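Thank you all for coming; I would like to walk you through one model today, going from the strand pairing to the side-chain contacts. Please have a look at the sequence and the structure before I begin.

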Amino acid sequence: MARDLSFWKYEKEGVLNDEKVYVQLSDGEEVKGVEELPVEDVIKSVKAAFSDWEWQDESTLQKKNKSIEIFTTKQFVRFDCTSLTNEEMNVLIDIMNVYGCPLYDSTISTRFEL
């Protein structure tokens, strides 16, 4: 089962439409009102948390039949997850919470609070 977990941080909450922001950020656009993220630090955190996974390239890690593809821009981090357990996805969510970025679930068009 595939699922995407998306994250960004607003400069000021409640001003922009989450679904529109998600689409723009997914298209690689820069969105006014969204903060820049410490993407390199995020990647280091993922590497530490999933240290027993094999990196296929700079943006894809894999373990057996599971994989995580990481898409980033200066303002956005999306994990495209395949066959991950809820616990493994929660690790990614917890990592991004440290950086002040709540989960946006595109399947239900909902951005959760920290």
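Let me start with a question: which residue in strand 4 is the bridge partner of Gln 62? It is Ser 67, and I should say at once that we are looking at a predicted model, so everything I describe was computed from predicted coordinates.

That bridge belongs to the pairing of strand 3 with strand 4, residues 66-72, which is antiparallel and runs over four bridges. The two strands form a hairpin with two residues between them, and in this hairpin Lys 64 takes a positive phi near 55 degrees. On the other side of the sequence, strand 3, residues 60-63, pairs with strand 2, residues 54-57, again in the antiparallel sense, over three bridges. Here too there is a hairpin, with two residues between the strands, and Trp 55 has Leu 61 of strand 3 as its bridge partner. While we are at Trp 55, please note that the charged end of Lys 47 sits over its ring, 5.3 Å from the centre.

Coming back to Ser 67, this residue also stands opposite Thr 82 in strand 5. Strand 4 and strand 5 run antiparallel and are joined by six bridges, and they form a hairpin with four residues between them. Strand 5 pairs in addition with strand 1, residues 2-7, in the antiparallel sense and over six bridges; within that pairing, Arg 3 has Cys 81 as its partner in strand 5.

Let me turn to the charged side chains, where a search of the whole structure finds seven salt bridges. One of them is between Lys 74 and Glu 36, at 3.9 Å from N to O. Lys 74 lies in the loop between strand 4 and strand 5 and Glu 36 in the loop between helix 1 and helix 2, so this pair ties together parts that are 38 residues apart in sequence. Lys 74 is partly exposed, with a relative accessible area of 46%, whereas Glu 36 is exposed, at 53%.

A second example is the salt bridge of Glu 88 with Lys 66, at 2.9 Å from N to O. Because Glu 88 lies in helix 3, residues 86-98, and Lys 66 in strand 4, the pair ties together parts that are 22 residues apart in sequence. And are these two residues buried or exposed? Glu 88 is buried, and so is Lys 66.

Within strand 5 itself, residues 77-82, Arg 78 forms a salt bridge with Asp 80, the closest N and O atoms being 3.1 Å apart. Arg 78 counts as buried because its relative accessibility is 14%, while Asp 80, at 25%, counts as partly exposed. Salt bridges that share partners also join Glu 30, Glu 36 and Lys 74 into one network.

Finally, the aromatic residues, for which the count comes to eight pairs. The rings of Phe 7 and Phe 79 have their centres 5.9 Å apart and their planes at 70 degrees, and since planes over 60 degrees apart count as edge-to-face, that is how this pair is classed. Phe 7 is in strand 1 and Phe 79 in strand 5, so the pair links parts of the chain 72 residues apart. Phe 7 is buried, and so is Phe 79. Elsewhere, Trp 8, Tyr 10, Tyr 22, Phe 71, Phe 76 and Tyr 104 form one aromatic cluster.

Terms used: Residues numbered from 1 in each chain as written. Predicted model: local features only at pLDDT ≥ 70, side-chain atom pairs only at ≥ 80, totals over all residues. Heavy atoms only, no water. Pairing = 2+ DSSP bridges. Salt bridge = Lys/Arg side-chain N within 4 Å of Asp/Glu carboxyl O. Buried < 20%, exposed > 50% of the residue type's maximum accessible area, 1.4 Å probe, protein only. Phe/Tyr/Trp six-rings, centres within 6.5 Å; stacked < 30°, edge-to-face > 60°. Lys NZ or Arg CZ within 6 Å of the ring centre and 35° of its normal.
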